[in-house]
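Thanks for coming. I have one model to go through today, and I will keep it brief.

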There are 2 protein chains.
Amino acid sequence: MTQTTPEELHFQPDDRAMAIRDQLRDAIVEHRLVPGTKLSEAEVGKLFDVSRTVVRAALQSLSFEGLVRAERNRGAFVASPSPEEASQLFEARRQIEAGIARIAAERARHADFIRFDACLEAETRLLQERGPASRRAAIRASGEFHILLAEVAGNAIMQRFMEELIARSSLVIALYGRTGASSCGHNEHGEIVAALRDRDPDRASRLVLVHIDHIEADLDLRGTNGLPLADALNLRAST
Amino acid sequence: MTQTTPEELHFQPDDRAMAIRDQLRDAIVEHRLVPGTKLSEAEVGKLFDVSRTVVRAALQSLSFEGLVRAERNRGAFVASPSPEEASQLFEARRQIEAGIARIAAERARHADFIRFDACLEAETRLLQERGPASRRAAIRASGEFHILLAEVAGNAIMQRFMEELIARSSLVIALYGRTGASSCGHNEHGEIVAALRDRDPDRASRLVLVHIDHIEADLDLRGTNGLPLADALNLRAST
DNA sequence: TTCGATCAGATTGTATGCAATCAAATGGTC
DNA sequence: GACCATTTGATTGCATACAATCTGATCGAA
């Protein structure tokens, strides 16, 4: 009997490649692989004990998601978004996530709020802990709140867009983040959930916009404004 | 001298695969490849005179865009979105395209309006012509208006999202479209451009929403509502 | 006749080998 | 000593061969 994998429903083919893609993406999102890192096909293949063919498929996936930049005859590198890209990323997030919040406020059910509460709880717990491992987990948990929001909205297409935007945001934070784990000072996620509980789409979307503004405000995007050379000195990655 | 291809700036690697991807996408968007059509690696490879390796990369790209559905050990097929997917697609378009219209209204410059006028002119001209070739070109031109809107908004990320949504919309229209070339009765594109000229973001986004509603209203999504069996009888494609 | 298991054909999944290409190192010349 | 052409090493681009898997057909038994 063909029993579909219960983990993800939308990609049966290339199971192996997708597993590697997920592992690489996790490493990128958790800032273990820093922007500019070279992802050699042979090296990745040796690490996962697969041939370059499989690795290529995984890297191509990540390239489509914008997490990896592939250069012809040069190889694949963890993407290092420019400040301009970062701005566009947050502009896109404002547009899309505000709509998601509105829809989620209308559609959220009891089971969803249980998941929200678990997510918030995990966040606060991880923030109280110290150490690099907890920091990474906190970064991931913070992003998962936004993904959960998209999931509750119930639109698979927008959910996929959000997943991509969240992952790329993690890259931007790794590059330009000031405090490390951004946007964690105030309990803004909790306030958003409260707005959802009140079935208040306008307030939910407004709070989301404010929240994204706070995340963006915590970045230092001036670094390479007019000084591309300085960036090249820090990291020799492509602009 | 390494002269980068002037056509598209964001994918140097796998030039050949990307060329094939573009040709296949064009054929899908123009309804020359109907949903459910099998895209055998060997067959496509023979047609383009390349090996399966290149074809696989192209098909994987299209799979990520949602234009092709890949089933493990079975092959790739032109996607046939379910009514549910179609609804989500237009919901996503409403959210994203409304924001794009707002931004475009603020940022559109003189050169952009020249392009808009050319686009509108091409549309009306193709609509007046008869014949299948003109129909296909009209479908394409109608979509290109929306892509141009995203381009003018100046956000590369949202532009890519829009390109995917437009392409998938073409699939939905191919499956569920009633009049064939939908949404072409009234000059709604022209009205949107007029709102942009007036620098009226609210009106522009409102007109875009109405326009998308009209496109969706021209579809017949009842077919498989509660009757997945009927769908299987019409097309044996996967749900 | 109908149902089931086995087998054959075809298609995809994966590994590997060779060719093309690029970046850096080397050597020569001004 | 600086600059430029050449070479070398490594890496990717692509094609092909083999293995795994699925679909449909054939054969046999109830």
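Around DNA strand C there are 20 residues, and the closest are Ser51(A), Thr53(A), Asn73(A), Arg52(B) and Arg56(B). Keep in mind that this is a predicted model. By class, the surface near DNA strand C has ten charged, seven polar and three nonpolar residues.

Where in the chains does this surface come from? Helix H3 (52-65) of chain A and helix H3 (52-65) of chain B each supply at least two of its residues. The largest share, three residues, is from H3(A).

Now the DNA side. Of the strand C atoms within 4 Å of the protein, 71% belong to sugar or phosphate, and the rest belong to bases.

I have three individual contacts to show, and they involve three parts of the nucleotide. For the base, an N or O atom in the side chain of Arg52(B) is 3.0 Å from a base nitrogen of DNA strand C; Arg52(B) is also among the closest residues I listed. For the phosphate, a polar backbone atom of Glu41(B) is 3.5 Å from a phosphate oxygen of the strand. For the sugar or linking oxygens, one lies 3.4 Å from a backbone N or O atom of Asn73(B).

Last, the two protein chains. Chain B superposes on chain A by a rotation of 180° with 0.0 Å of shift along the axis, at an RMSD of 0.0 Å. The two copies are therefore related as by a two-fold rotation axis. Which residue of chain B comes closest to that axis? Ile96(B), with its C-alpha at 3.1 Å. As for the interface, 100% of the interface residues of chain B are also interface residues in chain A, so the copies meet through the same surface.

Conventions:
Residues numbered from 1 in each chain as written. Chains lettered and ligands numbered in written order. Predicted model: local features only at pLDDT ≥ 70, side-chain atom pairs only at ≥ 80, totals over all residues. Heavy atoms only, no water. Near = heavy atom within 4 Å. Polar contact = N/O pair within 3.5 Å; in protein donor to acceptor, adjacent residues only side chain to side chain. Helix = DSSP H or I, 4+ residues; strand = E, 2+ residues; numbered from the N terminus. Nonpolar A, V, L, I, M, F, W, Y, C, P; charged D, E, K, R; others polar. Least-squares fit on C-alpha atoms with pLDDT ≥ 70 in both. Contact = heavy atoms within 4.5 Å.
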